[in-house]
Amino acid sequence: MSAAIVLLMAAPLVAAALAVLARRHLGVQRTITAVTLAGLAATTVALALATRDGSVLASRVGDWAPGLAIVVVIDLAAAMVLLLMLVLAASALVLAALAGEDRHPLLHPLALVLVAGVSLAMVTADLFNLFVAFEVLLIASYVLLTLRAGAEQVRAGVVYVAVNLLASTLFLLGVGLLYAVTGTVALGRLAEVVADDPGALAALSLVLVAVATKAGLVPLHGWLPRAYVHASPAVTALFSGLLTKVGVFVLYRLTSLVLADVPSWAPLMLVVAGVTMVVGVLGGLGGKDVRGILSYHMVSQIGYVMVPLGLWSVGAAAAGLVYLLHNMAVKAALFLGAGAVEHLTGTGRLDRLGGLARVHPWLAVGFVVPAFALAGLPPSSGFVSKYLVVLETFRAGSYAIGAVAVVVSLFTLLSMLKILLGAFWGEAGPDVPSEGVPAPHGLPAMVALSLAFAAATVTVGLGAGWLVGLATDAARVLVDPSAYVAAVLGA
C-alpha cells in the first residue's frame with residue numbers, strides 16, 4: 001500500500017502530459033482529468049483507511065539507498081486534507097467547463113500539474129523536495145492566473161510571482177543553511193536536532209517566513225487578495241482549495257515535528273493568528289466586490305486555523321484540522337457561487353448587482369448558506385469548527401485569543417450581510433437580468449454545485465461527530481510524531 005503514495009505525484013504529471021498531447025480535443029482532456037482525479041481520490045481513500053488506526057506509511061521513490069532516496073510519507077491527517085483538495089479541484093474544473101473557461105488548451109494540463117505539486121507537498125518527508133513542490137505550484141499557478149492575459153491579470157501575476165519568488169529564495173536559503181548546520185533536511189532527522197540548536201532555529205526561521213508567505217499570513221498576505229480577485233472565477237475556486245492550504249498544512253507538520261518544543265513558537269503563533277484574523281476581516285468589510293471580500297476573508301479564516309498551533313494539544317490539533325477542512329470546503333463553495341454570479345451578470349461589483357434572490361432564488365440559497373457557515377452560524381460546519389477552536393482557547397487559558405475569534409466572527413457576519421444585501425437583496429442592479437430572461441448556459445449546473453456544498457456544510461454541522469473523531473485520531477499522530485519519525489527513518 002505504501003507504494004501507492006508515489007502514484008499521488010506521478011499520475012497527475014503523466015496525465016498532464018497526455019492532456020497536452022490532446023490539446024486540440026477538449027472532450028479528451030476533460031476525460032483524462034476526470035479519470036485522473038477519480039483515481040487519485042480512490043487511492044487517497046484507500047490510504048486514509050490504511051492509516052485510520054494511527055499507522056504511518058512511507059516509501060522510497062525509485063528505491064534509492066537510504067540517505068539519497070526521496071522519501072514520501074502519508075498519515076491520516078495528510079490523507080484527509082488531500083482527499084478534500086482533490087474533490088475541490090474537481091469542483092473547480094467543473095465550474096471551468098460550465099463557464100467555458102477550460103476551452104484554453106493549457107487549463108487542464110496546468111491544473112493537473114498543480115495537483116501534482118500539491119500531492120508532493122503533502123507527502124514529502126524532506127524540506128528540499130518541499131521546495132520543489134512549491135516551485136511546481138508557483139509555475140502552474142502563475143500561468144493559470146494569467147491565462148486570460150488581460151492587463152490586470154498580468155499586473156496581478158507580476159506581484160504574485162515577485163512575492164512568491166522572494167519567498168522561494170528565502171526557503172532555499174533556509175534549507176541550505178539548515179543542511180550546513182545539521183547535515184540533513186529530512187523531517188524525521190530534523191526533529192532530533194533543531195530544537196536545541198540556535199543556528200538551526202535561525203535557518204529554520206527563513207523557511208517559516210517563506211511558508212507563512214505562501215499560507216497568506218499577515219503581514220505577508222498582500223499578494224493573495226490581489227491575485228484572487230483578478231484570476232478567473234474557476235481558477236480562483238481552484239486556488240482557494242489548494243494553494244494557501246498547502247502552506248497551512250506544512251506549518252502543522254513543522255509544528256508537529258520540530259517546533260512544538262520551541263518555547264517562543266506558541267505565543268508567536270497566537271499573536272500572528274489574532275492579527276491575521278483581525279486584518280483579514282477588516283479588509284473584507286472594506287471590499288466593494290464579491291470576490292474581493294471573499295479573498296480578504298480567506299486571510300482572516302487562516303488566522304483561525306493557526307490558533308491551534310499556539311495551543312498544541314490533541315484537542316487543539318483536532319479542532320484545527322476540522323476548521324481547515326471546513327474552511328477549504330466553504331471558501332470553495334463561496335467562490336463557486338461568486339463564479340455563478342459573474343457568469344450570470346458579468347460582474348461581481350456590489351454597486352452593479354442587487355435583487356438576485358428574486359431572479360434566481362436557488363443561486364441565493366447556494367451562496368447564503370456557505371456565507372453563514374463562514375460566519376459560524378448554527379447548524380453549519382462553521383459553528384462546529386469555530387466552537388471547537390474557541391473551546392480549546394478557553395481550556396488552555398488563552399481567553400484573549402478566544403475573545404478575538406468570537407468578535408471577528410461577528411464582523412465576518414457583517415461583511416457577509418454586506419454581500420447578501422448588495423448582491424441578492426433590494427432592487428435589481430443594472431447588470432442583473434430581468435425575470436423571465438433565460439439563464440445562460442451552465443448556470444443551472446453551477447447552482448446545483450453550490451447547493452451541494454451548502455447541503456454538505458449543514459449536514460456536517462448536524463452530525464459532525466464522525467469528522468471530529470477522524471480529526472482526533474489524526475491529531476494524535478501529529479501531537480506524538482514518533483510513528484511518523486519511525487516511518488521516515490525506516491524508509
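In this predicted model, Gly 247 is found in helix H10. Gly 247 counts as buried, because its relative accessibility is 0%, and buried residues are those under 20%. When residues up to four places away in sequence are not counted, Gly 247 touches Val 211 and Ala 215. Another pairing links Gly 247 with a part of the chain that is far off in sequence: Phe 134 is 113 residues apart from Gly 247 along the chain, yet their C-alpha atoms are separated by 9.1 Å.

Helix H10, which covers residues 233-259, also holds Ser 240. With a relative accessibility of 0%, Ser 240 counts as buried. The side chain of Ser 240 has a polar atom that lies 2.8 Å from the backbone oxygen of Ala 237. Once its neighbours within four places in sequence are left aside, Ser 240 is in contact with Tyr 228, Lys 245, Met 298, Lys 331, Ala 332 and Phe 335.

Attention now turns to helix H15. Helix H15 runs over residues 361-375 and has 15 residues. From its first C-alpha to its last, H15 reaches 21 Å, close to the 21 Å expected at 1.5 Å a residue. The buried residues of H15 are Leu 363, Ala 364, Gly 366, Phe 367, Pro 370, Ala 371, Ala 373, Leu 374 and Ala 375. What covers these buried residues? The cover includes helix H12 (290-306), helix H13 (314-345) and helix H14 (356-359), along with helix H16 (381-395), helix H17 (399-424) and helix H18 (443-462).

Just after H15 comes Gly 376, whose phi is positive, near 90°. The loop between H15 and H16 contains Pro 379. A cis peptide bond joins Pro 378 to Pro 379, with omega about 5°. A cis peptide bond also joins Val 218 and Pro 219, and here omega is about 10°. Pro 219 sits in the loop between helix H8 (198-215) and helix H9 (223-230).

The loop between H12 and H13 has a backbone feature to look at as well. Trp 312 is found in this loop, and its phi is positive, about 40°, although Trp 312 is not a glycine. Is Trp 312 buried or exposed? Trp 312 is buried, because its relative accessible area is 14%, and the cut-off for buried is under 20%.

Helices H17 and H18, both part of the cover over H15, supply two residues with some exposure. Leu 417 lies in helix H17 and counts as partly exposed, at 32% relative accessibility. Leu 417 belongs to a nonpolar surface patch of about 590 Å², made by Val 407, Phe 411, Leu 414, Leu 417, Leu 421 and Trp 425. In helix H18, the residue to find is Ala 448. Ala 448 has a relative accessible area of 43% and is therefore partly exposed, since that class falls between 20% and 50%. The C-alpha atoms of Ala 448 and Trp 362 are separated by 8.4 Å, although these residues are 86 residues apart along the chain.

Terms used. Residues are numbered from 1 along each chain as its sequence is written. This is a predicted model: local features need pLDDT of at least 70, side-chain atom pairs count only at pLDDT 80 or more; totals for chains, interfaces and linings use all residues. Side-chain values use heavy atoms; hydrogens and water are left out. Helices (H or I, at least four residues) and strands (E, at least two) are DSSP runs, numbered from the N terminus. The expected span of a helix is 1.5 Å times one less than its number of residues. Buried means under 20% relative accessible area, exposed over 50%, partly exposed in between (1.4 Å probe, protein chains only). Contact means heavy atoms within 4.5 Å. A polar contact is a pair of N or O atoms within 3.5 Å; within protein, one must be able to donate a hydrogen and the other to accept it, and residues adjacent in sequence count only if both atoms are side-chain atoms. Patches are made of residues with over 30% relative accessible area and no salt bridge: like charges are joined within 9 Å, nonpolar side chains (Val, Leu, Ile, Met, Phe, Trp, Tyr) within 5 Å. Accessible areas come from the Shrake-Rupley method with a 1.4 Å probe; for residues, only the protein chains shown count as cover. A salt bridge is a side-chain nitrogen of Lys or Arg within 4 Å of a carboxyl oxygen of Asp or Glu.
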